[in-house]
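Hello,

Here is the structure I promised to pass on, with my notes below it. Please have a look at it first and then read on.

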Amino acid sequence: MDNRNVPPGGTAGQRPTAPLGRALHAHPAAGPSPQCSKSPLQIRALDKFRGKTQVLHGIDLDIAPGERLALLGHNGAGKSTLIKAVLGLIRHEGGSIRICGAAPGSAAARAATAFLPEAVSFHPALTGHEQLALFARLAGEKADIGALLERVGLGEAMHRRIGAYSKGMRQRLGLAQVLLGRPKLALLDEPTSGLDPISRQDLYAIINELAEQGAAVLIASHALTEVEARTDRIAILRKGVKVADDTLAGLSAQAGLPVRLRVQASGAEADRIAVETGGRRINGASVEILCRPQDKMEELRKIVAMGDAVADIDMVPPRLEDLYRHYSGEDRK
Amino acid sequence: MRRAFAIARAEMLILRRNRWLVMATLIMLAFSLALSFAGSAPTGTLGVDMLTVSVASMTTLSVYLAPLLALMMGFDAVAGDRDRGSLALLLAYPAGRAEILLGKLMAHLAALAVAMCIGFGAAGAVAAWFGGAGAESLMALGRLVLTSILLGAVFLVLGYALSALSSGATAAAGLSAGVWLVFVVLYDLGLLGAVVMDSGGVFTQKIFPWVMVANPADAFRLWNVAASESVALSSGMAGAASALPAWAAPLSLLLWPALGFLLACAAFRRVEP
């Protein structure tokens, strides 16, 4: 068994939570179609134009059942456009999109898909309970609305008007509607924007549950440090082109970004260490050395050989932030 | 259809919550009662009962008020959701765009019907109580309520179309005001001008009644007038009504909501949230 569904630190997973399956489904869900068990989302050579400018260039993207994909990119890189094309809200000019084998916007595709828009909003005059009941009726689901709202932490606010909700509460309500009806594909656009750290933990716990139930989850995000540890695969869009699509480890290996060694010198040895290792003095007592991943052990042996001159070593492998900078083109001159 | 009812249910809640239903009913009630009392003077000279006169006054009132109330409810239908940012999510659910509009129409129409029935009904009851009523004038009152709801339906669907076509709720509100002005005021002024210029020629004889009945507001007026001689007498519109076959006004008023709904659906389908 893999451990990808256990959040780091285990905090989110340990929250006492009602089992989703029982709360949500009064009737047995229809069995997944064969296409759904293989590839809930399949995008091939997708082209999209806005007027004369091409905003998506030949995008290929697949998400497997139970897989959590982080879709990264700058503002205007095409993340939201891609999601809207998958939802069938906008037309695309070239290529194909298949959701469980169905065309985007078709009844089958819409029934299989859950969507959380960026900065989700609802009619302020309805209560959370009424709004979710409307969505359940539209989806044809006989869900236990109360239990679902308890699950996302809106138990006490469910009969208050949405107009009185905070941004975080609206986001939770948005998340509750994602959980309606066991989606095969969940598209979450900036799901953690406006959420406090505890709410983020809850959100990722819920995302993990969705994935455990076999949903393919796409998370479009700017919050790199968050998705780093909580997704299985990372795709990066740059100006409508997919420039990376792999696991974090795979991306690191392809990028060949340097490992950062930070050596703390004892006494006044910092200068000598800097000269001998070819590193850079960063403050009075520390030296920073950048080396290729394959040269890492060689460097370490050299440093250890210096004996007492070295007080401490920190080793920092490239983070998603570095990889993102690399792939999204910021450090390409 | 199940989904259209789900939308209608939520819309009805919203209309009740934001006091629309109460406000519309109060407006109808206040104007109907005021007109019924103010218009009760000519009863003796025309030799008809007070309810007939009251219906004639309320017909004139409804020409202005029914389109106004309908447009005020309709302009927000698509543009409001889009401005708020809740339209994309709604459209991601398995409800067709026609189903969504149909659901809103059912709720808005029900709200209008409640306002019309209470407003006209109360004014009619008061008129009947003080000035008497006959079978014919009761029929006229029922016809007034039903045709007012139809007239409301026309401008509800026109409001939806404007709402889908315009760039935002504010623009939709402005367009709605323009449409109201054109259909209810300017159209008739234009026709009047043409008739005066023509001074009893071919246009006035043959074309004018048909151009007039093509406007739903005028069709509403003609239907109510033509169906009841005494109402025609007291509203002075007998001339135009007699120049047209009896089916012309009802056909116009029934065709408009259907065509308007198709137009609204077509406009809504082009919306990219």
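Helix 7 (97-131), helix 8 (135-165), helix 10 (202-214) and helix 11 (216-227) of chain B are among the elements that cover the buried residues of helix 14 of chain B. Bear in mind throughout that this is a predicted model. The buried residues of helix 14 of chain B are Ala248(B), Ala249(B), Ser252(B), Leu253(B), Trp256(B), Pro257(B), Gly260(B), Phe261(B), Ala264(B), Cys265(B) and Phe268(B). Helix 14 of chain B itself runs over residues 248-269, 22 residues in all. From its first C-alpha to its last, helix 14 of chain B reaches 31 Å, close to the 32 Å expected at 1.5 Å a residue.

Stepping back to the whole of chain B, you will find 14 helices and zero strands. Its 273 residues include 49% that count as buried. Along the principal axes, the C-alpha atoms of chain B fill a box of roughly 60 × 45 × 30 Å. The radius of gyration of chain B is 20 Å, which agrees with the value near 19 Å for a compact globule of 273 residues. Among the contacts in chain B with a separation of 6 or more, 83% join residues 24 or more positions apart.

Now to chain A, which has both kinds of element: 14 helices and 13 strands. Here 41% of the 333 residues are buried. Residues 24 or more positions apart make up 70% of the contacts in chain A with a separation of 6 or more.

One part of chain A that I would like you to look at is an open sheet of four strands in the order 11-12-10-13, with antiparallel pairing. Strand 11 (280-283) and strand 13 (310-316) of chain A are at the edges; each has a single partner strand, so one side of each is left without a neighbour in the sheet. From one strand to the next, the twist averages 30°. Six bridges join strand 10 of chain A to strand 13 of chain A in the antiparallel sense, and Leu261(A) stands opposite Met315(A) in strand 13 of chain A. Helix 12 (residues 270-277) of chain A lies across strand 10, strand 11 and strand 12 (286-291) of chain A, at about 15° to strand 12 of chain A.

Is Arg262(A), in strand 10 (residues 259-265) of chain A, buried or exposed? Neither quite fits: Arg262(A) counts as partly exposed, because 15 C-beta neighbours lie inside 10 Å, whereas a buried residue needs 20 or more and an exposed one has 12 or fewer. Beyond its neighbours within four places in sequence, Arg262(A) is in contact with Ser286(A), Glu288(A) and Asp314(A). Val217(A), 45 residues away along the chain, has its C-alpha atom 37 Å from that of Arg262(A).

Finally, the two chains touch. The contact takes 22 residues from chain A and 19 residues from chain B. On the side of chain A, the elements that give two or more residues are helix 5 (107-112), strand 5 (113-116) and helix 6 (128-139). Helix 6 of chain A provides the largest share, six residues. By class, this side of chain A has 16 nonpolar, three polar and three charged residues.

Happy to hear what you make of it.

Best wishes

Notes. Residues numbered from 1 in each chain as written. Chains lettered and ligands numbered in written order. Predicted model: local features only at pLDDT ≥ 70, side-chain atom pairs only at ≥ 80, totals over all residues. Contact = placed C-beta atoms within 7 Å. Nonpolar A, V, L, I, M, F, W, Y, C, P; charged D, E, K, R; others polar. Expected span 1.5 Å × (residues − 1). Rg over C-alpha atoms; globule rule 2.2 N^0.38 Å. Pairing = 2+ DSSP bridges. Axes fitted to C-alpha atoms, helices over the stretch in contact; angles between N-to-C directions.
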